[in-house]
Amino acid sequence: MSTKPTQSNEKQIAALEQTVAPRITAVGNHPLFARLATIEDIRCLLEHHVYAVWDFMCLLKALQQVVTCTRVPWVPVGDASVRRLINEICLDEESDELPDGRCFSHLEMYRLAMAEAGADDGPVELFLTQMRQGTALNEALKIANAPMPAAEFVRRTFDAIDSSKAHCVAAYFSVGREEAIPAMFTSIVENVARTQPSLATLRLYLDRHIELDGGKHGPLAMRMLAQLCGDDARKWQEATDSALAALDARMALWDGVLAALPVSA
């Protein structure tokens with residue numbers, strides 16, 4: 001089976017992309033980015049956004065369980081090109097190779113960037129400890145005292161995951177993350193480069209995602225979505241709604257970070 005979209009699928013993808021385009025533009029042009037003027041501003045961003053870095057992997061793993069076989073005995077599932085896409089993204093996210101040869105997950109890389117910037121990663125460490133111990137998500141967020149905008153963002157991500165609709169999860173991932181990330185991360189990079197040029201690890205993390213998500217991952221993720229929706233008009237409408245919900249959640253997160261920035265003297 002090929003992952004090449006049918007003519008009908010191509011029209012559905014075009015319609016979805018036309019619907020979400022204004023919100024992707026709004027996410028990429030959020031006023032938060034122009035306000036990242038001090039190291040304290042960057043720390044505030046990192047201490048919120050690290051939870052989105054974590055739940056990106058949860059979305060990815062939820063999709064991996066649908067489009068690949070993760071059990072024993074193994075049997076082929078679905079389209080091999082889609083399996084390769086998901087496994088390739090998992091490879092990069094869980095064990096990307098840095099220029100010096102070290103391997104880290106992107107969450108671990110992000111936490112290195114937090115340390116480099118002097119951001120407090122104590123809350124997210126406590127959160128991850130609670131997750132390892134099997135604590136329920138909402139309780140873990142409370143115990144860790146996760147920033148409210150970040151906690152709400154994670155809850156909304158898990159609402160999508162818990163929907164048990166693969167096409168909705170794929171839309172949340174493909175549009176809300178893969179399609180939206182390059183524009184907003186480019187905006188962040190520009191401000192970090194201008195105001196905090198010493199934050200090399202953060203630049204590396206952001207540049208890596210711009211490269212991966214803006215390259216083949218984004219288009220392939222949309223092809224995966226097309227395969228999961230097929231010619232089912234109901235699924236395409238649900239996927240569009242899910243994509244819009246993902247972008248609304250991102251806007252709410254950025255609104256929350258903007259409101260939390262330290263007041264300039």
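The following dialogue discusses how features of a predicted model are named and checked.

Reader: What should be known about the model before its features are discussed?

Author: The model is predicted, so local features need pLDDT of at least 70 and side-chain atom pairs count only at pLDDT 80 or more, while totals for chains, interfaces and linings use all residues. Residues are numbered from 1 along each chain as its sequence is written, and side-chain values use heavy atoms, with hydrogens and water left out.

Reader: How do you know that the span of helix α11 agrees with its number of residues?

Author: Helices here are DSSP runs of H or I with at least four residues, strands are runs of E with at least two, and both are numbered from the N terminus. The expected span of a helix is 1.5 Å times one less than its number of residues. Helix α11 covers residues 233–260, which is 28 residues, so it should span 40 Å; its end C-alpha atoms lie 41 Å apart, and the two values agree.

Reader: What caps the N-terminal end of α11?

Author: Asp232 does, through a side-chain oxygen 2.9 Å from the backbone nitrogen of Arg234. A polar contact is a pair of N or O atoms within 3.5 Å; within protein, one must be able to donate a hydrogen and the other to accept it, and residues adjacent in sequence count only if both atoms are side-chain atoms.

Reader: Why is the pair of Trp54 and Phe158 called stacked?

Author: Rings of Phe, Tyr and Trp (its six-membered ring) pair if their centres lie within 6.5 Å; planes under 30 degrees apart count as stacked, over 60 as edge-to-face and the rest as tilted. A search of the whole structure finds seven aromatic pairs. In the pair of Trp54 and Phe158, the centres are 5.7 Å apart and the planes stand at 15 degrees, so this pair is stacked. Trp54 belongs to helix α2 (residues 39–67) and Phe158 to helix α7 (residues 148–161), so the pair ties together parts 104 residues apart in sequence.

Reader: Why do Trp54 and Phe158 count as buried?

Author: Buried means under 20% relative accessible area, exposed over 50%, and partly exposed in between (1.4 Å probe, protein chains only). Trp54 has 12%, so it is buried, and Phe158, at 18%, is buried as well.

Reader: What makes the pair of Phe185 and Tyr205 tilted?

Author: The centres of Phe185 and Tyr205 are 6.0 Å apart, and their planes make 50 degrees, a tilted arrangement. Phe185 lies in helix α9 (residues 181–195) and Tyr205 in helix α10 (residues 200–229), 20 residues apart. Both Phe185 and Tyr205 are buried.

Reader: Why is Glu152 called partly exposed?

Author: Glu152, a residue of helix α7, has a relative accessible area of 35%, so it is partly exposed.

Reader: How do you know that Asp96 and Arg208 form a salt bridge?

Author: A salt bridge is a side-chain nitrogen of Lys or Arg within 4 Å of a carboxyl oxygen of Asp or Glu. The closest N and O atoms of Asp96 and Arg208 are 2.7 Å apart, and the pair forms a salt bridge. Asp96 lies in strand β1 (residues 96–97) and Arg208 in helix α10, so the pair ties together parts 112 residues apart in sequence. At 4% relative accessibility, Asp96 is buried. The structure holds 14 salt bridges.

Reader: Where do Arg234 and Glu238 lie with respect to each other?

Author: They are four residues apart in helix α11, so about one helical turn separates Arg234 from Glu238. An α-helix has 3.6 residues a turn, so residues three or four places apart point the same way. Arg234 and Glu238 form a salt bridge, with their closest N and O atoms 3.2 Å apart. Arg234 is partly exposed at 47%, whereas Glu238 is buried at 18%.

Reader: What makes an empty space a cavity or a pocket?

Author: On a 1 Å grid over the protein atoms alone, a cavity is a set of points where a 1.4 Å probe fits but cannot get out, whereas a pocket is an open set with protein on both sides within 12 Å along at least five of seven lines; lining residues have an atom within 4 Å of a point. The largest pocket has a volume of about 310 Å³; among its 14 lining residues, Trp54, Met57, Ser105, Leu107 and Leu128 lie nearest its centre. The largest cavity has a volume of about 70 Å³, and its lining includes Phe185 and Tyr205. Helix α2 gives the most to that cavity lining, with four residues.

Conventions
Points joined across faces, edges and corners; volume = space filled by probe spheres on them.
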